[in-house]
Amino acid sequence: MKILEGSPVSPGFASGIAIICDYEVARKVTLPDRDIRYDDVQTECDRIDDALDRSQRELKIAEQTASGDPKLADAAALLSAHASMASEIAATVKKQIGCDLVNVEQALDSVIRDWISRLQELDNEYLRQREQDIRDVGQRMTRNLAGVTPLSYELLPPGTVIVARELLPSEAVGLANSGVVAIVSEYGGKFSHTAIVARSLGIPAISGISSVTTRIPAGAKVLVDGISGVVTIGPDESEEAAFLARQLEHERHISSLACEEKQPCVTQDGVAISLLGNVGLPDELDQIADHHLTGIGLFRTEFLFIDSRKRPGYDLQLRVYEDMASRLAGLPMVIRTFDLGGDKLPPFLALDELRNRSSLHLRGLRFSLSEKNLLDAQLRAIVQVAQTADVRILLPMVIGSHDFTQAIAAVDRAVQQLDVLRRPPVGAMIETPAVLFALDEILELADFVAIGTNDLTQYMLAADRDLSEGTDDCTATHPAVLRAIQKVVDAAEKQQCPVCVCGEEAGDTDFACLLVGLGVRELSLSPARAAGVRHAVRHIRWDEAREVADSALRCQTPQQVQELIHTWRSSKPSATQGAGSGACQPAAVVTTAVKTATQSFVAATAERESLHERNITLEHRVAKETELLGEAKRDLTAAAEASRIAAVAFDSYDSVVITDEVGKILRVNKSFTTLTGYEPDEVIGKTPRILRSGRHDNEFYRQMWQSIATNGYWEGELWNKRKDGHVYLQRLTIACVKDESGATSHYVSSGQDLTRQKRGEADRAAIQAARTVQRALFPSAAPCVPGFDIAGAVHPAQRVSGDFFDFMTLGPDSVGLLVADVSGHGLGPALLMSQTQAYLHALAESCSDPGELLTSANRLFAKCADGNFVTTFLGSLDTMTRSFVYAGAGHQGYLVCKSGAVRVLSSTSLPLGVENDTTIPSSPAIVLQTGDILVVPTDGTEETMSPEGTAFGQERMLNVVRTNRKKSAAQIVNALFLAARDFTHRRPQEDDITALIVKVLPTPQSQASNQRAR
């Protein structure tokens, strides 16, 4: 037995026989290098065109194969990208042939080396590993130049473990239809496309084992542990048993995590943590839904720039961002502007002789500001997408308020150029020590901030990332880094600015729990690590995490912090203990299963071999399936078709009946019982009159049976009776299922209740009348009051017509501001809305106190509301003293101060019309200050701004107000409407979107004083 250790890049366990696939030894293509004459240039260019054509044909075939396998959807996109890359490489090769007068082989080798060297200089591991794709395409084109046939993996025997110096991405795609169970290689990191394909296929893979093709003998039995990165060569019986035990334990671990994947990420004492995903390529977008994340917390856009030899324009970026936003279906997406500069320089900039060479030393945001045209194109694309999606802008490596202010001005410039209403929220990336000394100024400007733990750790500790990687001191658990994070969190909390941690450390389960204790409520991480973090967070208490974090901040070394976390976390259930997950296997049962499996490993192996030798044939399995269907005599095709119809139909909302060939009922679905009132046991075995015979004297039945005989189905409308005697209108479809001989074997009858549809047509007429009432009641314009900017708007939902706002006089210098929502929809609530306004206007003639007005209106409503109720908010604004008094019944308002802080203007919990003896008090007077914004929305505004429409989205709504605070009241109302509509983009609007905004402006006297002072 021999043990080799490497780096796990695709998790899982597998055992098999090693097959050595050393391309560079066994299949090396030797190409000549030679100089050419000018007359030979066209011939050499034709050769690279031929190689390109053959390469693209191969890639197209492989792409079509991958497209047919859902697990290889990302791989299909990769192969398409390889085809585009091949075209770009060929174009560059032809230029080099003409410039340097070298043959195609020498030019191709030079171009590939140049591209690879640029990527190898990057400090981003993810982008560095894109060099594998360039070598893959280059190797394919080189092989086609030499006329060498590609290596096929389809003929490999089952149980093959590939051992190679490197497996390229396009080769990995071919593993889907092979007998390969694992990959062991010398080269290829966890971010390589080969690793991504292996993970998609569920194939364990290990890399980083030097000279692996000479250290593992061909034909040797090997055990591959894709969790620990260990390869066992020639294992004995006991080692195989232990390996099987670890494999079963791993499967239980994955099962345990899967049990919680759809559960909310919330601590045991109720603190909710948002989990978002870090994404570097559009291909990775599906992982957001797969791991039930709440959006994208960091979309790195460098892939658009780093490999490109021409500038990515506005149109290209707009297509990419629009496609991603559409696929997210309303979930938020934070787009980080390009993080380039220093050694991260794309080819189109490196070749640009006109660019500012003095900017070479710049990084992050400062580099972006020096490349104004490039930044403006990206910001315009993001701003345009943000008009119809929840898209936010994140600026990398901010160092102070000066560069951040310039970037915000660039965003505003993009908004003006596009002539759009909505400016997306703008956030700052906290990843430099400098920003810690400018936090207050940055938080005053930012809509949100994101902490990048990777760069923050590097720059805080003055470490070289490559040289210090893996050392004990260069870690985010260093007390200095933790204190920096705490400083940011505390400052952001004071400014009520959302903060997210989006470095890779957020995906470490222990460190994520520590971040929760430090006060972080949003984590953006690699989607693949989300399940482990979710499980860890769900098994801690926030108060305990807070105590551990406080202790960690007082530590002196990273080792002390790590020991503290280890002591705390070791007392918690791990993902493999299945704590609190009733749907998972109990730990005791699984432990017993592991022991049993270990003890009987040899016997199980013998049994598997015996089963394999007996080779249960396909015909035998078909016979067993036919027997389970209960109709062994029937042809398999007819049985499968009937089964398929039944499976689909019985999930339907329509009433479904399945009968045999003579019309006797075999099965009905739940909707049948709901529609007709008959239970299954009352009808099964009986034959409906409509299917008793094809020989009816009635013309209706003759036409029906003629249609079935000719077309195989009949469709029509029938009046029918329920069990209770009520009549309903039904659209009925009857289809016959035939066997292979053409004889009828089943009838499938599907019925749809049309009664609701007819009732809905009546509802639409009532709603149209309600719209007319609404339009007649809404004021044409808000009052014009010196020192105040007032605006309101109602955007009705399809079926709801109960929200409104209004203005009234409440004294010589006071304006009444009213927002209300009547329950229900249609004409009745619209008339009740009219009644509400009439009551309040009449009562206002003798009373000006908001609480007394609502109390009096409530007494009237309790007598005549007829089951409906009205939630309302009424405020009195004194235009001379700027004091504001309010009262609310089931509705609340918000006062957004100039600093961004929010004061909730609360109300009673009971709306008008519920209890007639309720007293509704008025609030103490609030003196409004210049810069304050009064926000009074209805619940529909807040609810439609939550991703699922089920939880209130106050914070999101208030962020829209903060973001647009410099705009007019009417523009803020419209921004609220656009933001709310973003979240209803893929579903019907469920409630009216209504808001009233009051901005407090400088008084005319203060304006005059300011002018005199200037």
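This passage describes the predicted model of the protein, from its overall make-up to several of its strands, one helix and one loop residue.

The structure is a predicted model, in which local features need pLDDT of at least 70 and side-chain atom pairs count only at pLDDT 80 or more, while totals for chains, interfaces and linings use all residues. Residues are numbered from 1 along each chain as its sequence is written, and side-chain values use heavy atoms, with hydrogens and water left out.

The protein has 39 helices and 31 strands; helices (H or I, at least four residues) and strands (E, at least two) are DSSP runs numbered from the N terminus. Of its 1014 residues, 50% are buried, where buried means under 20% relative accessible area, exposed over 50% and partly exposed in between, with a 1.4 Å probe and protein chains only. Contacts, defined by heavy atoms within 4.5 Å, often link distant parts of the sequence: among those between residues at least 6 apart, 67% join residues at least 24 apart.

Confidence is given as pLDDT, the predictor's confidence in each residue, from 0 to 100. The mean pLDDT of the protein is 77, and 75% of its residues reach 70 or more. Over residues 23-29 the pLDDT is below 50, and this stretch has 15 contacts in the model beyond near neighbours in sequence. Residues 574-619 also stay under 50, with 36 contacts beyond four places in sequence. Where pLDDT is low, the predicted coordinates should not be read in detail.

We can turn next to the region around strand β11. Strands of a sheet pair through backbone hydrogen bonds, either parallel or antiparallel; here two strands pair if DSSP finds at least two bridges between them. Strand β11 (residues 333-336) pairs in the parallel sense with β10 over three bridges, and F299 stands opposite I335 in this pairing. A parallel pairing of four bridges also joins β11 to β12 (residues 391-395), where R336 stands opposite L394. Both faces of β11 are covered, with M333 and I335 buried on one side and V334 and R336 buried on the other.

T301 sits in the loop between β10 (296-300) and α12 (303-306). T301 counts as buried because its relative accessibility is 0%. Apart from neighbours within four places in sequence, T301 is in contact with Y321, I335, R336, T337, F338 and Q378. Two of these residues also appear in its polar interactions: a polar atom of the T301 side chain lies 2.9 Å from the backbone oxygen of R336, and the T301 side chain makes a polar contact with the side chain of Q378 at 3.0 Å. A polar contact is a pair of N or O atoms within 3.5 Å; within protein, one must be able to donate a hydrogen and the other to accept it, and residues adjacent in sequence count only if both atoms are side-chain atoms. Between T301 and V320, 19 residues apart in sequence, the C-alpha to C-alpha distance is 10.0 Å.

Strand β17 (residues 655-660) is largely enclosed by the rest of the structure, because six of its six residues are buried. S655, V657 and T659 lie on one covered face, and V656, I658 and D660 on the other. Six bridges pair β17 with β21 (residues 744-753) in the antiparallel sense, and the bridge partner of V657 in β21 is S749. Strand β18 (residues 665-668) is also antiparallel to β17, through three bridges, with I658 opposite R667. The hairpin of β17 and β18 has four residues between the strands, and G663 takes a positive phi near 95°.

Further along the chain, five strands form an open antiparallel sheet in the order β23-β24-β25-β26-β29. Its edge strands, β23 (803-809) and β29 (926-927), each pair on one side only. Seven bridges join β23 to the antiparallel strand β24 (residues 814-822), and D806 has L818 as its bridge partner in β24.

Helix α38 (residues 969-982) has 14 residues and reaches 20 Å from its first C-alpha to its last, close to the 20 Å expected at 1.5 Å a residue, that expectation being 1.5 Å times one less than the number of residues. Its buried residues are A969, I972, V973, A975, L976, F977, A979, A980 and D982. Their cover includes β22 (788-795), β30 (933-937), α36 (939-943), α37 (954-963) and β31 (993-1000).

Finally, the whole structure contains zero disulfides, a disulfide being a pair of cysteine sulfur atoms within 2.5 Å. C497 counts as buried at 8% relative accessibility, and C847 counts as buried at 17%.
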